[in-house]
Amino acid sequence: MTASGTHAHAGRGDVSDADDLDVEEALALVRAPRSDRADQTGRTGHAPARPAGHEHPHDRATPWPEAREIAARAARQATRRPAVSVALGNALGLVLAAPLDALSDLPSFDTSAMDGWAVAGPGPWQIRDGGVLAGHAPPEPLTDGEAVRIATGARIPTGVTAVLRSEHGRTGPQDRLHATVPQALDSARAGGTPMLSHGQDIRPRGQECRRGDQLLPTGTLVTPAVLGLAAAAGYDTLTVVPRPRAEVLVLGDELLTEGLPHDGLIRDALGPMLAPWLRALGAEVIDVRRLGDDAKALRKAITASRADLIVTTGGTAAGPVDHVHPTLDRIGAELLVDGVAVRPGHPMLLARTKADQHLVGLPGNPLAAVSGLLTLAEPLLRALAAHPAPEPYRTPLREAVRGHAHDTRLVPVVLRGERAVPLHYSGPAMLRGIATADALAVVPPGGAAQGAGMELLDLPWDTAGIGVCFT
């Protein structure tokens, strides 16, 4: 079976099958080294000479943490697209490319903080007819001893001393208003007559900011609260780092887009999964194309792509129709990562195809492809979008997890209280475990004991709140 033919074949592994290799990984491990491939540091160049038959496959695999760092660094070194101005409604999840400065005082005039009465001078007060509502014409001034009904957010009339809350006042005979809550009053006035504190329950002009104040710095993630602040400050558009553009190229002649598997044909599990997953990671997916096992079509698609990130599925090993490596060689791409010491997903790769474009080659097995997304695509997209790296965190395991002898393992887990519970159905070709998972546990070589604290990679739809999460 070719590497591109492993999109949905039955995997053998569950949580106890740490040492099993799927066909695609096995092919990658026996692939002969190329002189122009990345060495174990992830840099392009000639590998150190070894006697024939003495090369160990792990000499060429980039350690998992280093692979993520290489991906992030590659994005930071790429030629960047210029900042863009987008409407507020389209800015959620993006990063500010310019400071958010106050365009006016906020609030821009004295406003009432409560529903109640605007009062002038000491009470009791004579109630004036009518009322002051938010958004209406400027109210008439008040003189000492007068009060008028006022709504929250309404402009404060000239001459007002304070706002008396509705629940703190009562009306008496002859439309007289009396304060009823001594705690809200200042009794220090000469003569001992209760009097409201000056400015009580009034939001003065400029209380939150003055025009020109910096509200938020460059690099701030646009959350719903940021949108609210920008709108309150008078912004219609925001200057932001544009979303990275991604294109998905699905490889494999054996893939069906509908119906049941039959006659050696299998359903494509990655085409439906990758586009929404990339969107959840903050990318703008400009196309999903199914190319089959066609080397010419693959080369044409890569060289013509306008995407910042091209993602391919399958074809990263050395089978007869695995065209990714030969195509990258022919177009002169710079191979940055060629195999990662991680299970599942060992035969993933990262290449620089242009100064402003990268390609992530995912293994064809579904869970192995997820591993490639989180190992290479996620840090690259995060850096392209100028998102800061999240602080890593650890959660203890509820039970022991068997590890690979040499490589990191990424194991789907669910969170139960303060513990991470490893899931079965975690073989390279399986999606049953990840479909119910809250996160992936990063298990070091050799495994982890019960109670050991594991670094967790959150899934992009599990922690966000704004529909995008960079793990």
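**Exercise 1. Determine the strand order of the open sheet that contains β16, and find which strands stand at its edges.**

Solution. Start with the order, which is β2-β16-β3 in an open sheet of three strands with antiparallel pairing; strands here are DSSP runs of E with at least two residues, helices are runs of H or I with at least four, and both are numbered from the N terminus. Two strands pair if DSSP finds at least two bridges between them, and β3 is joined by two bridges to β16, residues 237–241. One of the residue pairs can be named, since L96 has V240 in β16 as its bridge partner. Finally, β2 (84–87) and β3 (95–96) each have a single partner strand, so they are the edges, and one side of each is left without a neighbour in the sheet.

The model is a predicted one, in which local features need pLDDT of at least 70 and side-chain atom pairs count only at pLDDT 80 or more, while totals for chains, interfaces and linings use all residues. Residues are numbered from 1 along each chain as its sequence is written, and side-chain values use heavy atoms, with hydrogens and water left out.

**Exercise 2. Compare the span of helix α2 with the expected one, and list which of its residues are buried.**

Solution. Helix α2 covers residues 64–77, 14 in number, and reaches 20 Å from its first C-alpha to its last, close to the expected 20 Å; the expectation is 1.5 Å times one less than the number of residues. Next, take buried as under 20% relative accessible area, exposed as over 50% and partly exposed as in between, with a 1.4 Å probe and protein chains only. The buried residues of α2 include W64, A67, R68, I70, A71, A72, A74 and A75.

**Exercise 3. Describe the surroundings of T353.**

Solution. T353 lies in strand β24, residues 349–354, and is buried, with a relative accessible area of 15%. With contact meaning heavy atoms within 4.5 Å, and residues up to four places away in sequence not counted, T353 touches I302, L328, I331, A333, H358 and L359.

**Exercise 4. Identify the helix that gives the largest share of the largest nonpolar core.**

Solution. A nonpolar core is a set of buried Ala, Val, Leu, Ile, Met, Phe, Trp, Tyr and Cys residues joined through side-chain atoms within 4.5 Å. The largest one has 50 residues, and V370 and W277 are among those with the most contacts inside it. Helix α7 (residues 366–384) supplies the largest share, 11 residues. Apart from this core lies another, of 16 residues, including L88 and V222.
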